[in-house]
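Colleague: I would like a close look at one part of this model. Please start there and then work outward.

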2 protein chains.
Amino acid sequence: MAESWVNSAQRIGVDLHLELSGAGSRRAVLGRALRDAVRDGRLAPGTRLPAYRSLAADLGLARNTVAEAYAELVAEGWLTARQGSGTRVAQRAEPVVRGREPRPGLRQTSTRPTSDAAPRHDPRHDLRQGRPDAASFPRAAWLSAARRALNAAPHEAFGPGDPQGRIELRRALADYLARARGVRTTPERIVVCSGVAHALRLLFAGGVLRGPLAVEAYGLPFHRSILAAAAIRTVPLEVDDHGARVPEAASVRNVLLTPAHQFPTGAALHPERRAAVVDRARARDGLVVEDDYDGDFRYDREPVGALQGLDPERVVQLGSVSKSLTPALRLGWMVLPEHLVDVVLAAKGEREAWASALDQLTLADFIDSGHYDRHVRRMRQHYRGRRDRLVAALAAHVPHVVPTGIAAGLHAVLRLPPGSERRTLEAAARQGLALDGLAAFRHPDAAPTAADGLVVGYAAAPDHAYGAALEALCRALPPG
Amino acid sequence: MAESWVNSAQRIGVDLHLELSGAGSRRAVLGRALRDAVRDGRLAPGTRLPAYRSLAADLGLARNTVAEAYAELVAEGWLTARQGSGTRVAQRAEPVVRGREPRPGLRQTSTRPTSDAAPRHDPRHDLRQGRPDAASFPRAAWLSAARRALNAAPHEAFGPGDPQGRIELRRALADYLARARGVRTTPERIVVCSGVAHALRLLFAGGVLRGPLAVEAYGLPFHRSILAAAAIRTVPLEVDDHGARVPEAASVRNVLLTPAHQFPTGAALHPERRAAVVDRARARDGLVVEDDYDGDFRYDREPVGALQGLDPERVVQLGSVSKSLTPALRLGWMVLPEHLVDVVLAAKGEREAWASALDQLTLADFIDSGHYDRHVRRMRQHYRGRRDRLVAALAAHVPHVVPTGIAAGLHAVLRLPPGSERRTLEAAARQGLALDGLAAFRHPDAAPTAADGLVVGYAAAPDHAYGAALEALCRALPPG
């Protein structure tokens, strides 16, 4: 080759120095340069290569030449090309430092529900609770919101942030929560955080609230482990069809509840109990911490408003977009009584990991532009359909198993004959079906009850796999 | 480089085969080849290298190029140069991976400079350190990366995340850090976090490392307050023009350093000290925690590689995009010795606030597509210009005040006559100028020294306001 670009060195998009020299066609020279770069590790496994168009422009080549060189290297196994993820350097053994094996399931412990952790080995059938349908994330709408938000953001948005959270997001949340959840607040009383776990850490490990704390006898294990790590003693409250029973006489001042949709039993806290729990907090100078974890999803009844609306000075409302939108954003909030705002901010500290300001601005736009409401409505329809299919499958195949707690949320509870929970979970595991039993959520100090049951999350399975998951569930359930 | 010697293999005097290829200047290529040869044992400890003159002749390079490459490797601790005995490969023991014994920690301290906090009331003139130029965030490039990343992401990216961080980002970081900072790692040894503060919390409050801990006598107050909150006793190390002095005899096993650019004095840790601190960690079964807080910004000299490259099993490298891109993303990383990965992940927990997966995917694309390199190069030019204006303003108006620590980073230190620091800060405040004195960074147990000075951050002020800020600074400085 005698062309002028030969023997020139080019920096391609990934900041790689390509030596374009030697004999052969342009395609051959480019192919050789890329092969060398992969071989000696300058292009690491998994590295995404520039699009044909941009590499062609950088090197002054025809787009086809680049496409052909890529195709040749894909055919030779140096590169991989996958729809949607572009052309990447193939995964091979690491050339330099020997890596670690992928970690074995750290999370596989007996006291922990399978669904409380990130999935490392995807089960064949997934009916774990606590996760939304990942395939439904509104990518295009989110990207438009990100574009509007980033273009509109003042320069200071890219400087050190306010640990309380962006004012744009706190305004949008104050408005949305008032409208959708009956929360009474101002933006000044909202603190943005990474989610409910982060909020609990700030409140308890941060020393804002001190123990002991009354909690529901069945509840989210991550609540309990955060409280245990903060050395907060917890006292279990009995849970029935009207939610948690908070005895008037109990000595404990502060209480943590899931009033709108008790987790996992699915009950809404009875109106009389709602009033009583707030009165009790006033009488004892205590606080109610309300985990409003799936308040957006109601099907057969009007939404139950947040307890916080009864007394904003006695109730801390915690929420996040983890169920309504995605847990991948790590965005949540605390709505605080006025006297706690500065205390929580002091616990958070100037350098506490707060949520990405860029995502905060995007979420603010997403809410303000109506996309959040639209998404929630769409998902409500979607999850209602999922729930109806669960109910219908049970009625058709195992009519003796009656689902409960199905008026709201992303999961149902199937009651089982006493003593059959473990056996049923084993049968489910043999079907390759991941889900949890009620026992995984029971407080260790709770009175032993005969409550056996399965907690069935109907949101997480992909659409195409949901039918098969339901069939596996019906096969695993004990015969009537 | 396009010259013909690139990609040629050369046999140097000690009968070593050097592979001279890849990106960068001649000096960089030679440096890399020598580093590789030491690392993989082709150049044994103690081996004497050829004189500059003879290696330059062998390779067809300028003598200065060889001298500079040697100096760089000496600075990084790969080589030693001693009067009369020439340049030799440094003596270091082979790395050994061993478990460590925890030790009890004790008490606490804290101080806080003005610039460690988010600005609630903007000062008239801003020369605070620790923050990049917010106006330079590359909005359009970031949005394109976000679009590509979100469109290419698999559905599972919107489900519960891996607390270790997205593999796409860990791959991109492993590649970038190897290339730009000489870090030796695999993606499996990286844990994504929200920044250096989060990393320190995981290591110390999370119980991964126990005190006491040797720290630089001048350092970042947020380091100290996190350590204090974790009840880690800290022992100050004297800091001089060659960085921190780590006495051989000191009993403390673990040490926290800013080796590439001591904060705030600006010294690079002396090559002998670099080697010694790693040797010391090996001998005592200790660890070095390296805060590589502004490693990307060097002006008048070649970058000093990360200390981690000397021994990946003895050094934890911490970094973030807070200086290089923006603190608004809350994205950082820890490069860990293999035996600490699972320990750190256990401390992090499945529900620990991890960084937004969407931002992680976007940053991975931003790095892989070359935008990160381009941005860093652009900002290096920009900050160098800022620094030069500071130096020029001082020379013109207060020539008796000499800036130090200016070869790198986003700040300089102006030494003041003993006893004049507080007065000068008061004069600055009267000008509406926000900046810090050296005292704000001194460890409370450090020996009282006569080191008075100002820490001048030259990155944060907006372009249009920088000139006025410099004028205010010159007016505030004591007359000669």
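Which residues point one way from strand β14 (residues 332–335) of chain A, which point the other way, and are they buried or exposed?

Modeller: A word on conventions comes before the strand. This is a predicted model, in which local features need pLDDT of at least 70, side-chain atom pairs count only at pLDDT 80 or more, and totals for chains, interfaces and linings use all residues. Residues are numbered from 1 along each chain as its sequence is written, chains are lettered from A and ligands numbered from 1 in the order in which they are written, and side-chain values use heavy atoms, with hydrogens and water left out.

Now β14(A). Gly332(A) and Met334(A) point one way; Trp333(A) and Val335(A) point the other way. All are buried, meaning under 20% relative accessible area with a 1.4 Å probe and protein chains only; exposed is over 50%, and partly exposed is in between. In a regular strand, side chains alternate between the two faces of the sheet. Strands here are DSSP runs of E with at least two residues, helices are runs of H or I with at least four, and both are numbered from the N terminus.

β14(A) has partners. Strand β6 (residues 190–193) of chain A pairs with β14(A) in the antiparallel sense over 4 bridges. Two strands pair if DSSP finds at least two bridges between them. Met334(A) is the bridge partner of Val191(A). Strand β13 (residues 315–320) of chain A also pairs with β14(A), antiparallel, over 4 bridges. There, Gln317(A) stands opposite Val335(A).

Next, chain B. An open sheet of 7 strands runs in the order β6-β14-β13-β12-β11-β7-β8, with mixed pairing. β6 (190–193) and β8 (234–237) of chain B are at the edges; each has a single partner strand, so one side of each lacks a neighbour in the sheet. Neighbouring strands are turned by 20 degrees against each other on average, direction ignored. Axes are lines fitted to C-alpha atoms, for helices over the stretch in contact, and angles run from 0 to 180 degrees between N-to-C directions.

One parallel pair in chain B is strand β7 (residues 213–216) with strand β11 (residues 254–257), over 3 bridges. In β11(B), Val255(B) is the bridge partner of Ala214(B). Helix α7 (residues 221–229) of chain B lies across β7, β8, β11 and β12 (288–291) of chain B. Its direction is at about 160 degrees to β7(B).

Back in chain A, consider Arg386(A), in helix α11 (residues 371–397). Arg386(A) is buried, with a relative accessible area of 2%. Its side chain makes a polar contact of 2.8 Å with that of Asp463(A). A polar contact is a pair of N or O atoms within 3.5 Å; within protein, one must be able to donate a hydrogen and the other to accept it, and residues adjacent in sequence count only if both atoms are side-chain atoms. Leaving aside neighbours within four places in sequence, Arg386(A) is in contact with residues including Asp133(A), Tyr458(A) and Tyr466(A). Contact means heavy atoms within 4.5 Å.

Last, the two chains. Helix α4 (residues 139–152) of chain A packs on helix α4 (residues 139–152) of chain B at an angle of about 170 degrees, with axes 11 Å apart. Angles over 145 degrees count as roughly antiparallel, under 35 as roughly parallel, 65 to 115 as roughly perpendicular and the rest as oblique. α4(A) and α4(B) are therefore roughly antiparallel. Among the residues that meet are Trp142(A) and Leu143(A) in α4(A), and Trp142(B) and Leu143(B) in α4(B).
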